[in-house]
Amino acid sequence: MTTNDMPRWATSIVLPLLNLLSALLVAALVIYLLGEDPVESMQILINSAIVNPEGLSYTLFYASTFVFTGLAVSIAMQAGLFNIGAEGQMYIGGLGLTWAMIAFDASLPWFVLIPVGMVGAALFGALWAFIPGYLQAKRGSHIVVTTIMFNFIAAQLMNFIIVKYLIPQGEQNTASRVFSDAAALPPLNAWFPALGDTPLNISFFLAIIALVIYGVFVSRSSWGYKLRATGMNKHAAHYAGVKISAMIIATMLISGALAGLGAVNSIMGSTHYLSLNFTAGAGFVGIAIALMGRQHPVGIFLSAVLFGALIQGGFDLSLEKPNIPVETFIFIQGLIILFCGAMEYLYAPALIKLIKGKKA
Amino acid sequence: MQPAVEFRGISKHFGAVKANTDVSFSIAKGAIHGLVGENGAGKSTLMSILYGYYKADGGEILLDGQPRQIRTSQEAIRLGIGMVHQHFMLVENMTVLDNVMLGTEGGFRLAAHRQETEKKLREICARYRLDVDPLATIHDLSVGAQQRVEILKQIYRSANILILDEPTAVLTAQETESLFEILRLFKEQGKTIILITHKLQEIKDITDTVTVMRAGRVVGAVQTADTSKEELANMMVGRPIENNLPRGAYNPGKPVLEVRDLQLKDSSGVPLLEDIGFTLRAGEIVAIAGVSGNGQSELMEILSGMRLPTGGEADFEGKPLPFKRHDADGLPLEFRHLGIAHVPEDRLRDGVVKNFSVMQNTVLGYQDHLKGAFGLFDFKHIAARCESLLKEFDVRPPNPDLRIGLLSGGNQQKVVIAREVLAKPKLMLVGQPTRGVDIGTIEAIHTQLLALRDAGVAILLVSVELEEVRALADRILVMCGGRITGELKIEEFDTTRIGLLMGGMHKS
């Protein structure tokens with residue numbers, strides 16, 4: 001038996017859980033070395049991220065963004081494209097959104113303004129992903145290299161645009177002006193008062209709708225079939241009549257649009273203005289989510305919630321435990337990527353033995 | 001006299017698969033021994049054990065009467081075992097001399113050793129009439145010459161036991177004959193040869209003794225002189241094999257495909273196809289014979305829309321195929337819509353997606369025919385279609401959800417052929433339909449193709465197996481160096497003449 005032939009429950013549930021557990025164990029060890037009690041720390045983390053309703057609300061708020069960046073990386077991965085550039089695409093998506101807000105937030109009612117903002121974000125994200133996609137399809141420039149470069153270009157470009165054009169006169173904060181109230185996504189605490197004063201908003205439902213559409217189109221449509229065929233065997237896809245370069249460009253457009261949509265929750269759901277580095281690594285978290293969730297909609301959702309919980313719980317943990325810095329989250333995130341991505345099949349041989357042993 | 005090699009009760013299993021079970025036989029010193037069996041019969045596993053790639057689970061190997069532990073291929077080489085693989089292990093951009101020296105450089109200073117080796121190689125070449133220039137670069141050599149380099153390498157490493165894995169698969173009839181000459185010389189020098197092949201004629205032509213394997217076991221060990229091809233074939237398959245499959249009378253209909261003056265040059269301007277022209281009619285099988293790599297693959301790629309020609313044209317049912325475009329992206333689908341089906345030569349590269357299930361692979365190429373509203377698939381319909389296809393073509397195991405990579409080559413090929421037949425094509429392009437497929441399945445595939453022909457489909461077949469060409473073709477085109485070098489009717493079938501045409505010699 002090879003890893004390819006393991007039963008589905010083993011590869012999609014047991015292995016990721018074992019990997020996750022290993023990452024958390026190493027994290028616990030580090031917390032112990034920092035001089036804190038790992039068990040107590042984990043309790044604080046879980047309590048403030050999941051059990052406490054306000055904490056859960058924050059977890060799901062972060063997860064709503066991560067679902068979009070996770071989907072962006074996943075859909076590209078299905079076509080065999082490793083889009084490292086979700087970070088930059090989300091950042092530029094934020095610019096598109098902001099442009100639309102500054103132009104229309106005084107004139108349009110909220111139910112028109114919000115879709116317009118989403119279109120702006122998706123469009124700019126897609127355009128930012130188009131260039132690497134085009135270069136890959138027509139010139140063979142490797143998507144990993146170009147998307148990394150485009151992250152840097154996006155960061156510098158945004159620096160320039162925010163400082164030169166977006167900071168209102170007389171302000172010091174490197175951010176655009178605050179948008180009007182019509183630009184705010186309806187928060188969920190209006191319906192669920194238990195959520196308290198938290199930014200969780202309807203983009204959580206938008207994220208779930210996006211997951212469903214993704215799931216249906218990737219695994220049940222002719223287009224998704226061609227997408228996956230391209231990802232697994234380009235020669236066979238060409239044989240099947242797929243227009244490979246068109247497929248690559250289309251996939252990157254969709255991927256970039258999804259990454260751009262990640263900006264909607266962050267900006268229209270919480271800050272209501274565009275600020276420098278507002279993405280805060282959400283695009284990179286998307287890579288981890290796509291790897292860990294195995295590009296499956298349910299997996300993406302669960303991974304997004306997990307990373308949301310880590311941010312929320314990690315933040316509270318650093319407040320309560322002075323020895324544990326905020327960066328611990330980034331460290332745990334790195335461990336999870338290490339175990340779930342690079343060492344994905346660490347436990348596979350042992351698990352195969354176990355399964356075979358039971359059968360024999 | 002002690003046998004050169006003796007296997008005693010060798011067993012080897014991979015997981016649940018028993019590749020070798022209690023294999024015992026011996027090979028006399030100075031004999032040419034044939035090892036035959038279908039794919040997956042365990043020949044390669046056994047040879048890999050002898051060559052130190054695998055460790056047997058049980059049993060022992062005796063060389064010249066001595067039990068030997070062969071743990072690595074280095075040990076095998078030291079014990080005088082040499083292996084010529086089906087795919088050559090040569091560095092293309094190095095010279096013959098450098099390839100032979102690779103791994104036996106012997107010391108820090110290369111120059112002195114080089115001269116010495118070169119002298120030795122020239123001696124060996126003269127003694128065995130190998131006809132290889134030690135200073136030639138590998139990629140300038142023909143396939144036959146590259147194979148001689150592999151043999152040269154083994155002799156230089158003083159191999160006494162030479163294993164050849166399907167050595168004639170890539171050779172013309174003439175090249176095969178000269179290979180056999182070399183092997184006979186080898187035998188005269190007292191060396192032992194193990195020849196793995198599935199071509200029974202070669203077994204009859206050259207071997208002294210032969211071992212037949214089936215499903216991991218030895219099912220027969222005979223003197224070649226005492227057996228017949230039919231007997232060997234029956235032993236291999238375990239049941240009688242029908243040699244002459246029934247076919248209807250040759251009654252070609254309207255021209256389906258007319259190719260005129262087709263040209264193909266690669267990006268550096270080297271011609272791959274030149275002046276290709278022929279007509280293919282409904283209800284006939286035209287076979288293209290030739291040594292692989294002489295333009296057949298490129299021709300099939302062009303006719304299936306996977307590649308654009310650089311010149312010339314082809315009419316399908318009287319209308320020109322749309323070759324004048326920027327690139328071939330999406331063109332295979334257009335051709336498929338016209339009624340051209342394609343069983344690609346390289347099944348694993350083009351024909352299937354290994355990590356897709358059998359059912360998903362039955363959709364490949366027809367994904368746009370099978371979609372419904374919003375481009376969504378009707379899985380009930382696809383599953384029913386797949387089930388009937390697996391049944392009709394006897395794909396084993398008939399499990400639509402199995403990853404196709406787990407099926408045997410023969411069953412993968414059945415899925416591909418079934419998929420293409422199901423599309424009810426007017427023209428079927430079939431490349432190497434039985435490569436890597438076992439005898440039982442070959443029979444099934446040939447029967448299918450003949451039934452298709454009798455139903456009025458025009459079939460263009462590319463095959464490097466003359467047996468297959470003889471079994472299926474109504475007419476034969478021979479290709480060499482990107483040109484059609486001759487055409488024969490099936491009644492004129494003559495191995496020598498085809499062999500000469502395959503080698504580029506026009507009929508005199």
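**Helix α14, chain B**

I started with the length of α14 (residues 409-422) in chain B, keeping in mind that this is a predicted model. At 1.5 Å a residue, its 14 residues should span 20 Å. I checked the C-alpha atoms at its ends and got 20 Å between them, so the length agrees with expectation.

Next I looked at burial. Of the 14 residues of α14(B), 12 are buried, so the rest of the structure largely encloses this helix. The buried ones include charged-looking names I wrote down for later: B:Lys414, B:Arg419 and B:Glu420. B:Val415, B:Val416, B:Ile417 and B:Ala418 are also on the buried list.

What do the buried residues of α14(B) pack against? I found two strands of chain B, β16 (340-343) and β17 (427-431). The helices in the packing are α11, α12 (358-361), α13 (379-392) and α15 (439-454), again of chain B.

I then went just past the helix. B:Lys424 follows α14(B) and has a positive phi, near 50°.

**The side facing chain A**

I turned to the contacts between chains. On chain B, 27 residues are in contact with 22 residues of chain A. Which elements of chain B give two or more residues to that side? They are α10 (331-338) and α11 (347-351). I also sorted the chain B residues on this side by type: 12 are nonpolar, 7 polar and 8 charged. So α11 came up twice in my notes, because the buried residues of α14(B) pack against it and it also contributes to the side that touches chain A.

**The four-stranded sheet**

I traced an open sheet of 4 strands in chain B, in the order β12-β11-β14-β15, with antiparallel pairing. Its edge strands are β12 (271-281) and β15 (319-320), each pairing on one side only.

I zoomed in on one pair. Strand β11 (residues 255-265) is joined to β12(B) by 7 bridges, and the two run antiparallel. For a landmark, I noted that B:Glu258 stands opposite B:Thr279 of β12(B).

What lies across this sheet? It is helix α9 (residues 296-303) of chain B, which crosses β11, β12 and β14 (311-316). I put its angle to β12(B) at about 60°.

**B:Phe493**

Last entry: B:Phe493, in the loop between β20 (483-489) and α17 (495-502) of chain B. Is B:Phe493 buried, exposed or partly exposed? I count 15 other C-beta atoms within 10 Å, so it is partly exposed; buried would take 20 or more.

Leaving out residues up to four places away in sequence, B:Phe493 touches B:Arg470 and B:Leu488. B:Arg470 is 23 residues away along the chain, yet its C-alpha atom is 7.3 Å from that of B:Phe493.

Definitions and conventions. Residues are numbered from 1 along each chain as its sequence is written. Chains are lettered from A and ligands numbered from 1 in the order in which they are written. This is a predicted model: local features need pLDDT of at least 70, side-chain atom pairs count only at pLDDT 80 or more; totals for chains, interfaces and linings use all residues. Two strands pair if DSSP finds at least two bridges between them. Two residues are in contact if their C-beta atoms, placed from the backbone, lie within 7 Å. Axes are lines fitted to C-alpha atoms, for helices over the stretch in contact, and angles run from 0 to 180 degrees between N-to-C directions. Ala, Val, Leu, Ile, Met, Phe, Trp, Tyr, Cys and Pro count as nonpolar, Asp, Glu, Lys and Arg as charged, and the others, Gly among them, as polar. The expected span of a helix is 1.5 Å times one less than its number of residues.
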